Amino acid sequence: YIGDISLFTAGFILLIIYTILFIGQFHFVYSRWVAGLMLFVAIGLALGSTFGLSSLFGLFFGPVHQFLPLLILGIGVDDGFVITRALDEVRSDPRHKDKSPQVRVALALS
């Protein structure tokens, strides 16, 4: 099982690098690398709170729970790309050029 831990860690690192590079455009100005980093902060907070609440309530930690971080990471990264794409579509729509950033984010998330 020791070899699996190194592969698991390498997969996490590769996914983090890929997400930070490609969450926006592959461009220095338009890359949104901060959004990619904050995406992983949000995923980490979700994992920490999930495992913390489970421990608080005394729930059993079984072998299936070892795969939950990878599942939450995959869903979180996918949601990050979907939200980024929706924000790009709202921003490029000429009907929404004069609206405030709060309204454009609300339109993208709706």
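**Exercise 1. The surroundings of His-96**

In which loop is the place of His-96? Work from the predicted model, then state the burial of His-96 and list its partners.

Solution.

Step 1. His-96 sits in the loop that runs between helix H3 (68-92) and helix H4 (101-109).

Step 2. The relative accessibility of His-96 is 12%. Buried means under 20%, so His-96 counts as buried.

Step 3. The side chain of His-96 makes a polar contact of 3.1 Å with the side chain of Lys-99.

Step 4. With neighbours within four places in sequence left aside, the contacts of His-96 are Val-90, Arg-104 and Leu-107.

**Exercise 2. The aromatic pairs of Tyr-18**

How many aromatic pairs does the structure hold? Describe the geometry of the pairs that Tyr-18 forms with Phe-22 and with Phe-81, and place each pair along the chain.

Solution.

Step 1. There are 3 aromatic pairs in the structure.

Step 2. In one of them, the ring centres of Tyr-18 and Phe-22 are 5.0 Å apart and the planes stand at 40°, so this pair is tilted. A plane angle under 30 degrees would count as stacked and one over 60 as edge-to-face.

Step 3. Both residues belong to helix H1 (residues 2-22), where a spacing of 4 residues puts Tyr-18 and Phe-22 about one turn of the helix apart. Tyr-18 has a relative accessible area of 44% and is partly exposed. Phe-22 is also partly exposed, at 36% relative accessibility.

Step 4. Tyr-18 and Phe-81 have ring centres separated by 6.2 Å and planes at 45°, so this pair is tilted as well. Since Tyr-18 is in helix H1 and Phe-81 in helix H3, the pair ties together parts 63 residues apart in sequence. Phe-81 is partly exposed, its relative accessible area being 24%.

Step 5. Taken together, Tyr-18, Phe-22 and Phe-81 are linked by ring pairs into a cluster.

**Exercise 3. A nonpolar patch**

Which residues form a nonpolar patch on the surface, and about how much accessible area do they have together?

Solution.

Step 1. The members are Ile-13, Ile-17, Tyr-18, Leu-21, Phe-22 and Phe-26.

Step 2. Their accessible area together is about 600 Å².

Step 3. A patch residue needs over 30% relative accessible area. Phe-22, at 36%, and Tyr-18, at 44%, each meet this condition. These two residues therefore appear both in the patch and in the aromatic cluster.

**Exercise 4. The salt bridges**

How many salt bridges does a search of the whole structure find? Give the partners and the N to O distance of each, with the exposure of the residues where it is known.

Solution.

Step 1. The search finds 3 salt bridges.

Step 2. Arg-32 and Asp-88 meet through their side chains at 2.5 Å, N to O. This pair links distant parts of the chain, with Arg-32 in the loop between H1 and helix H2 (33-56) and Asp-88 in helix H3, 56 residues apart. Arg-32 is partly exposed at 23% relative accessible area, and Asp-88 is partly exposed at 26%.

Step 3. Arg-85 bridges to Glu-89, with 3.5 Å between the closest N and O atoms. The two residues are 4 residues apart in helix H3, so about one helical turn separates Arg-85 from Glu-89. Glu-89 is partly exposed, at 45% relative accessible area.

Step 4. Asp-93 bridges to Arg-95, where the closest N and O atoms are 2.7 Å apart. Asp-93 counts as buried at 16% relative accessibility, whereas Arg-95 is exposed at 62%.

**Exercise 5. Ile-43**

Is Ile-43 buried or exposed? Locate the residue, list its contacts and give its C-alpha separation from Ile-17.

Solution.

Step 1. Ile-43 is found in helix H2.

Step 2. Its relative accessible area is 7%, so Ile-43 is buried.

Step 3. Beyond its neighbours within four places in sequence, Ile-43 is in contact with Ile-72, Leu-73, Gly-76 and Val-77.

Step 4. Ile-17 lies 26 residues from Ile-43 along the chain, and their C-alpha atoms are separated by 15 Å. Ile-17 is one of the residues of the nonpolar surface patch in Exercise 3.

Notes
Residues are numbered from 1 along each chain as its sequence is written. This is a predicted model: local features need pLDDT of at least 70, side-chain atom pairs count only at pLDDT 80 or more; totals for chains, interfaces and linings use all residues. Side-chain values use heavy atoms; hydrogens and water are left out. Buried means under 20% relative accessible area, exposed over 50%, partly exposed in between (1.4 Å probe, protein chains only). A polar contact is a pair of N or O atoms within 3.5 Å; within protein, one must be able to donate a hydrogen and the other to accept it, and residues adjacent in sequence count only if both atoms are side-chain atoms. Contact means heavy atoms within 4.5 Å. Rings of Phe, Tyr and Trp (its six-membered ring) pair if their centres lie within 6.5 Å; planes under 30 degrees apart count as stacked, over 60 as edge-to-face and the rest as tilted. Patches are made of residues with over 30% relative accessible area and no salt bridge: like charges are joined within 9 Å, nonpolar side chains (Val, Leu, Ile, Met, Phe, Trp, Tyr) within 5 Å. Accessible areas come from the Shrake-Rupley method with a 1.4 Å probe; for residues, only the protein chains shown count as cover. A salt bridge is a side-chain nitrogen of Lys or Arg within 4 Å of a carboxyl oxygen of Asp or Glu.
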